Amino acid sequence: MKQASGTPAWLPFLPMDIPAGNSSAQLARSELAAGLAALASSQRVELEVKGADEGYDILLREGTLHIRGGEPGVLYGTYTLLQALARGEPAPLGNYRPRYPLRMLNHWDNMDGSVERGYAGGSLFFNNNRLAYDQARIHRYARMLASVGINAICLNNVNVRPPMDGLILPPQLDDLAGLANLLRPYGIRLLVCVDFAMPARHEPGTADPLSPQVQAWWALRAKQVYARIPDLAGFVVKADSEHRPGPHTYGRSHAQGANMLARALKPHGGLLFWRCFVYNCRQDWRDRQTDRPKAAYEHYAPLDGQFDDNVVLQIKSGPVDFQVREPVSPLLHALPQTKKALELQLAQEYTGQQIDLFYQAAQWQDIFRQLPPGGADYIAAVSNLGDDESWCGHDLALANLYAFGRTAWRGESLPGRYAMEWAALSFPEAAGEITKLLLASPHVYEKYAAPLGLGFMVNPQTHYGPSPEGYEYALWGTYHRANHEAIGIDRGPEGTNFTAQYPLHLRQRFERLTTCPDRLLLFFHRLRYDQRLADGRSLLQRIYDDHFEGAQEAEALQAAWLELAGRVPPEVHARVARRFEMQVQNAREWRDVINTYFYRKSGIPDEQGRLIHP
Ligand code: GCW
């Protein structure tokens, strides 16, 4: 299959074609030689390979640099060194160890070649209901991931429907093993999403996790898969979530369901990632008792201590669903005896869909600051990649993938630092300006899109563009309940009491109006439009101001980009300029629809008399 070849991303100094290597060490040697030559560096570098550790040291001995580590540690060290040299920095001497042992990218790719919530073209892996990929491009993809230490990918959509379930059966399994072989030298291990209900369509005729036939069936599946892919990292499961089947069908708990699959993987050293995105997606909007953000905690917190040690609960960063702004998920605080993975979403489903610029690292930093010490055991992110020439639809959205890799390795998000590193590698002649654009972008988007932590004011289904009541009378449990004088849900003790799910310090911070951060005000509180905020403005005036400013600032981002003509490759400049045109349109639409909505509800005009459409 012929695909676009993809841009060199943040590694333009490496040759597009990657010499084949059967091991990380071999690959590291050839990448090092190619990189040093391309950078015209006369630095002497030696690799010392020992063991299979991911960690590595970069040392200087008598003028020679040594990269010492296991496989794939030396490969990571090689990329770290080359990237530093490419930025003109001194050799990055030091000891490097990853914070999370598994740093996973979750692709939501379907086997027909489409991508759920994909904004960058079709799948890099699938077409026509089978694995079908451009080998050279997958090498470049794998290099890109390895260069920031991402070490696992889950290939297929968490919504597994036939024929996708056949991925773990022959003959697809052979293709899967082929891909695993290709990725192995890059230190990347595979995972697959499986369908909990699959045995019901095979001999067992049921998927009841307590049925011995079902258990034996999964044990056999695992055995066959591991015979072909001995280093498979494990399975990922979305169960009893948004109409996907799960243990509840059989009156069994999530622990019973997850442990059953985990036991099939256990003899092979596999992990079972069980997603916690479980809530009532058939809620009646008249029902004021059910409050969607409470759901995951209610389902899983009581099960702490019941999961096997190779079960990992995969938890979205916020309690709802990757909105522009959410507090940390309280579930991440509530499972001291359970392994946890923090799930982020690089795919910009609710943050501009890789049309609007939205650099995510600041959002993650906000989340990390609310995590308990120790936080999570693993980290995962929904991929923003596709077979589009620019990889992400928006050339600058690659900064999110880069920042995710760095965040996952270090265990902390440093937005400014990662943006600067990425920009200096990708666009050396405009690095400072592009870093500024990236850092400004989430604040601009947040201003013109959903105000003050509200969320879900998007067009239903597509989730792009404004629709203030798009979900207001829907089944998905995401309501703001705006009327003529107030908006928001009281989630404190007088309201739904969601805040009680948090440890005391967070609970108090969110419950008190004086300490709840503005950006989360309407997530936790129902407020009158004339409520005064800390800076003296009324809530409504703040909403108006943000939307007027946001749209204006989007134009400023566009203008700043246009200034960069001649300093980034012309085709990139043109592509991104087209994206900014769309973003400016989108920002205007958000501004006018949201401001008009609130004006019509409240009858209160903008204090500055700017144009609102009555
Ligand atoms: O945000 C929602 C998306 C669904 C997705 C789901 C999930 C894969 O709209 O498309 O399904 O989250 O995370 O499972």
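**Exercise 1. How far is an oxygen atom of the ligand from an N or O atom in the side chain of Lys238?**

The model is predicted: local features need pLDDT of at least 70 and side-chain atom pairs pLDDT 80 or more, while totals for chains, interfaces and linings use all residues. Residues are numbered from 1 along each chain as its sequence is written, and side-chain values use heavy atoms, without hydrogens and water.

*Solution.*
1. The distance for Lys238 is 2.6 Å. This pair is a polar contact (N or O atoms within 3.5 Å; within protein, one must be able to donate a hydrogen and the other to accept it, and residues adjacent in sequence count only if both atoms are side-chain atoms).
2. For Lys316, the corresponding separation from a ligand oxygen is 2.7 Å.
3. Glu349 places a polar side-chain atom 2.6 Å from an oxygen atom of the ligand.
4. Of the 340 Å² of accessible area that the ligand has on its own, the protein covers 97%; such areas come from the Shrake-Rupley method with a 1.4 Å probe, and for residues only the protein chains shown count as cover.

**Exercise 2. Determine how strand E11 is placed and paired.**

*Solution.*
1. Strands are DSSP runs (E, at least two residues), as are helices (H or I, at least four), numbered from the N terminus.
2. Strand E11 spans residues 271-275, and five of its five residues are buried, so the strand is largely enclosed by the rest of the structure. Buried means under 20% relative accessible area, exposed over 50%, and partly exposed in between (1.4 Å probe, protein chains only).
3. Leu271, Phe273 and Arg275 point one way from E11, whereas Leu272 and Trp274 point the other way. In a regular strand the side chains alternate between the two faces of the sheet.
4. Strand E10 (residues 234-237) pairs with E11 in the parallel sense over four bridges; pairing requires that DSSP find at least two bridges. Within this pairing, Val236 has Phe273 as its bridge partner.

**Exercise 3. Compare the backbone and accessibility of Ala40 and Arg481.**

*Solution.*
1. Ala40 has a positive phi, near 50°, and Arg481 has a positive phi near 55°.
2. Ala40 occupies the loop between helix H1 (24-38) and strand E1 (44-49); Arg481 belongs to the loop between helix H11 (431-448) and strand E15 (486-487).
3. Ala40 counts as exposed because its relative accessibility is 70%, whereas Arg481, at 13%, counts as buried.

**Exercise 4. Locate the cis peptide bond between Pro162 and Pro163.**

*Solution.*
1. The bond has an omega of about 5°.
2. Pro163 lies in the loop between strand E8 (152-156) and helix H4 (172-183).
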